[in-house]
Amino acid sequence: MTLDPNVMQEIKEYVDTQIEKQVKSIQIQYLKDHFHHFLTREEFLDAMNKLDQRFEAIQEQMDKRFDQMDKRFEAMQEQMDKRFEQMDKRFEAMQEQMDKRFEQMDKRFDALQEQIDKRFEKVYERFEQMDFGRAEIVEGILYIVVKRELKKRGHDVKLKTRQHFTDEKYEVHPDTKDVEIDMLHLSPNIIGEATLKLTDVEKLRTFIRKIQFIESYYGESFERYFFCYTIYDDVRAEIKPLLEKYRIELIIPEKS
């Protein structure tokens with residue numbers, strides 16, 4: 001008996017399919033038996049799903065922790081802001097106290113300066129009644145005032161007072177070789193004459209001759225200052241051209 005060709009084809013396809021399944025099953029079993037890390041597609045997909053679930057769980061935990069950290073940072077920032085605000089208030093209070101103290105110190109200095117000025121004014125009044133030619137006056141209170149006036153002009157120097165030089169040619173005084181310089185300093189070069197009361201122009205003319213003698217003696221030029229507390233009215237007009245011609249600065253110390 002001869003079978004229908006279609007039936008034979010179906011039988012063949014069925015047998016091939018069964019054989020293929022068996023072979024695959026045998027291959028998979030063999031791979032599992034001999035290769036411990038072998039995974040089927042289904043097992044691989046299942047493993048990936050489990051990994052995804054683990055990553056999601058880890059991500060969720062991380063999000064929660066970051067949220068907690070954010071809250072901690074916000075709390076810390078708030079505390080820091082409060083502390084800085086407190087520090088600012090403390091600094092403001094400290095600055096206010098310092099300003100008040102400096103203000104009090106300024107008032108005390110002003111009061112002290114006022115007292116000093118009043119005392120100097122009394123001293124000046126007493127000077128008016130003294131013998132104004134005495135050298136010790138220049139060496140005492142007058143010397144302090146001279147230093148103060150020079151310091152205002154940028155010369156904070158220690159002046160030498162009453163220095164004596166020998167004038168062999170009698171260029172300063174016609175009757176003596178001795179030349180006395182009230183105030184003298186080198187580097188910077190400063191020469192000064194100090195008197196409490198100027199009654200005539202001859203005192204200034206003598207100082208001019210002293211300047212010429214000293215500049216010739218040292219071979220250098222000097223800044224020239226003439227200190228005087230009181231000048232007679234009839235002398236003022238006469239000394240003005242001499243002061244300008246010989247570049248002498250007249251300093252009348254303030255009494256207040």
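Me: Buried means a relative accessible area under 20%, exposed means over 50% and partly exposed lies in between, with a 1.4 Å probe and protein chains only, while helices (H or I, at least four residues) and strands (E, at least two) are DSSP runs numbered from the N terminus. How many of the nine residues of strand E3 are buried?

Reply: This is a predicted model, in which local features need pLDDT of at least 70 and side-chain atom pairs count only at pLDDT 80 or more, whereas totals for chains, interfaces and linings use all residues. Residues are numbered from 1 along each chain as its sequence is written, and side-chain values use heavy atoms, with hydrogens and water left out. Of the 256 residues of the protein chain, 24% count as buried. Strand E3, which spans residues 190-198, is mostly covered, and its buried residues number eight.

Me: In what order do the elements of the protein chain run from the N terminus?

Reply: The secondary structure of the protein chain comes to six helices and five strands. Read from the N terminus on, the succession of these elements is α-α-α-α-β-β-β-α-β-α-β.

Me: Which strands stand at the edges of the sheet?

Reply: Two strands pair if DSSP finds at least two bridges between them, and on that basis five strands form an open sheet with mixed pairing, in the order E1-E2-E3-E4-E5. A strand with a single partner strand has one side left without a neighbour in the sheet, so the edges are held by E1 and, at residues 248-251, E5.

Me: By what angle are neighbouring strands of this sheet turned against each other on average?

Reply: Axes here are lines fitted to C-alpha atoms, for helices over the stretch in contact, and angles run from 0 to 180 degrees between N-to-C directions. For the sheet E1-E2-E3-E4-E5, the average between neighbouring strands is taken with direction ignored and comes to 40°.

Me: Which residue of E4 is the bridge partner of glycine 192?

Reply: On the E2 side, strand E2 (residues 178-185) and E3 pair in the antiparallel sense over three bridges, and there glycine 192 is the bridge partner of methionine 183. On the E4 side, E3 and strand E4 (residues 223-231) pair in the parallel sense over eight bridges. In E4, the residue bridged to glycine 192 is tyrosine 225.

Me: Which hand does the β-α-β crossover from E3 to E4 have?

Reply: E3 and E4 pair in the parallel sense, and the chain crosses from E3 through H5 to E4. A crossover is called right-handed if, with the strands pointing away from the viewer, the path from the first strand over the helix to the second runs clockwise. For this crossover, the hand is right-handed.

Me: What is the omega of the peptide bond from serine 187 to proline 188?

Reply: E2 and E3 form a hairpin with four residues between them, and proline 188 is found in the loop that joins these strands. Serine 187 has a phi near 55°, a positive value in a residue other than glycine, and at 65% relative accessibility serine 187 counts as exposed. The bond from serine 187 to proline 188 is cis, with omega near 5°.

Me: How far apart are the ring centres of phenylalanine 165 and phenylalanine 213?

Reply: Rings of Phe, Tyr and Trp (its six-membered ring) pair if their centres lie within 6.5 Å, with planes under 30 degrees apart counted as stacked, over 60 as edge-to-face and the rest as tilted, and this rule gives eight aromatic pairs. The planes of phenylalanine 165 and phenylalanine 213 stand at 70°, so the pair is edge-to-face, and the ring centres lie apart by 6.5 Å.

Me: Which residue forms a tilted aromatic pair with phenylalanine 213?

Reply: Phenylalanine 213 is buried at a relative accessible area of 9%, and lies in helix H5 (residues 202-218). Its tilted partner is four residues away in H5, a separation of about one helical turn. With 6.2 Å centre to centre and 35° between the planes, that partner is tyrosine 217.

Me: At what angle do H5 and helix H6 pack?

Reply: H6 covers residues 233-245, and its axis is 10 Å from that of H5. Angles under 35 degrees count as roughly parallel, over 145 as roughly antiparallel, 65 to 115 as roughly perpendicular and the rest as oblique, so H5 is roughly parallel to H6. The packing angle is about 15°.
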